Amino acid sequence: MMSLEKLVRPNIWSLAPYSSARDEYSGHEAHVFLDANENPYGAPLNRYPDPLQRKLKERIAQVKDVPADHIFLGNGSDEAIDLLYRCFCEPRQDNVVAIEPTYGMYKVCADINDVEYRPVLLDEHFQIKAASLLAACDEHTKLIWICSPNNPTGNDIEREEVLKVIQGFKGLVVVDEAYSDFSRLRPLRLDIQQHPNLVVLNTMSKAWASAAIRLGMAFASPEIIAVFNKVKYPYNVNLLTQEQATKMLSDPFEIDRKVQLILQQRTQMIEAFRLLPICQQVYPTDANFFLVRVTDAQAIYDYLVERGIIVRNRTRVTLCNNCLRITVGTRSENDELLGALRQYK
């Protein structure tokens, strides 16, 4: 790995971060707060939240088996994605490499930050070759993006190839594990201490059934986490989100039970889809959704919208012509979708 100082944008490396009122007394107990110009009435929402979410990180550390100082929390994973560009990529100079197709926010954030985005096509099995990704890099490549399980394809990316990328690249490799709770592969977040150039993303939006609270996670070395904390807005995760996340994390076994229900429904859905006349191919999946090639994706999508059923039409995405992405819902939702498709002509 290249030294962190060389990876970080020079202005970010020398940045003196904003010091919030809640940072300055860190490490001391306090009970009278007259420092932040807050309204003294209306507790607890009258007070600014912990800017570093310390208690929540301690709970996440227990559940995710990652040390608390290796955790960054943000307003959804999208905040961490944007911070990676803002911290490490010099606009109009640096570039990033990503698998294609994949989650669209990697490119959107590249465009917003004026950073060149270099997509590398997956093969016919939606897999990568490490050599192809590394060949797309040059001395200005700062990040490589790998989503596994991938969105919209649903499959795990072969671990050996991912490790070859991590070991062969001098910049940061970002592995987005938003859907890892539905996969049987060992999460790469458990190996971040072995790979100083690895950043792993995760979220409360998928398996943890908390998309509305907008809480994303990044797991990385304490040195990379410190760079994120320099640049993030002081109170980026609000108190209500921190409290709800703590509540959800209090019962991980219930989440595991619901994940198993989703996986059972996924198996049944895929079997049922293969019997539909519109179905041409269901692709292997390790997520809570699957990609299916159909006879006419746009017409079928429009038909379902008229019946109040929303799926994702991915036909305009590279390698996904005439494909729909289907999220696994409740049994009744899945049955309603299948019932409508059986009537489609």
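User: Which residues does Ile 146 touch, not counting residues up to four places away in sequence?
Analyst: This is a predicted model, in which residues are numbered from 1 along each chain as its sequence is written, and side-chain values use heavy atoms, with hydrogens and water left out. Local features need pLDDT of at least 70 and side-chain atom pairs count only at pLDDT 80 or more, whereas totals for chains, interfaces and linings use all residues. Contact here means heavy atoms within 4.5 Å. On that basis, Ile 146 touches Ile 99, Ile 128, Leu 133, Ile 157, Val 162, Val 165, Val 173, Val 174, Val 175 and Asp 176.

User: Which helix gives the largest share of the largest nonpolar core?
Analyst: A nonpolar core is a set of buried Ala, Val, Leu, Ile, Met, Phe, Trp, Tyr and Cys residues joined through side-chain atoms within 4.5 Å; buried means under 20% relative accessible area and exposed over 50%, with partly exposed in between (1.4 Å probe, protein chains only). The largest such core has 53 residues, and Ile 128, Leu 133 and Ile 146 have the most contacts inside it. Helices (H or I, at least four residues) and strands (E, at least two) are DSSP runs numbered from the N terminus. The largest share of this core, 4 residues, is that of helix α8 (residues 159-168).

User: Is Thr 102 buried or exposed?
Analyst: Thr 102 belongs to the loop between β2 (95-100) and α6 (105-112). Because its relative accessibility is 13%, Thr 102 counts as buried.

User: With which side chain does that of Thr 102 make a polar contact?
Analyst: A polar contact is a pair of N or O atoms within 3.5 Å; within protein, one must be able to donate a hydrogen and the other to accept it, and residues adjacent in sequence count only if both atoms are side-chain atoms. Beyond four places in sequence, the contacts of Thr 102 include Tyr 117, Cys 147 and Asn 151. At 2.8 Å, its side-chain polar partner is Asn 150.

User: With which side chain does that of Asn 151 make a polar contact?
Analyst: Asn 151 sits in the loop between β4 (141-147) and α8, and it counts as buried because its relative accessibility is 8%. Beyond four places in sequence, its contacts include Pro 101, Thr 102 and Phe 289. The polar contact of its side chain, at 2.8 Å, is with the side chain of Arg 325.

User: Within what arc do the buried residues of α4 fall?
Analyst: In helix α4 (residues 54-64), Leu 56, Lys 57, Ile 60, Ala 61 and Lys 64 are buried. The arc is that of the directions from the helix axis to the C-beta atoms. These residues line one face of the helix, because, seen down its axis, they fall within an arc of 145°.

User: Which strands stand at the edges of the open sheet of 4 strands?
Analyst: Strands pair if DSSP finds at least two bridges between them. The sheet order is β8-β9-β11-β10, with antiparallel pairing. Two strands have a single partner each, so one side of each is left without a neighbour in the sheet: β8 (279-282) and β10 (312-313).

User: At about what angle does helix α12 run to β11?
Analyst: The buried residues of α12 pack against β9, β10, β11 and α13 (331-342). Axes are lines fitted to C-alpha atoms, for helices over the stretch in contact, and angles run from 0 to 180 degrees between N-to-C directions. Helix α12 (residues 297-306) lies across β9, β10 and β11 (323-327), and its angle to β11 is about 40°.
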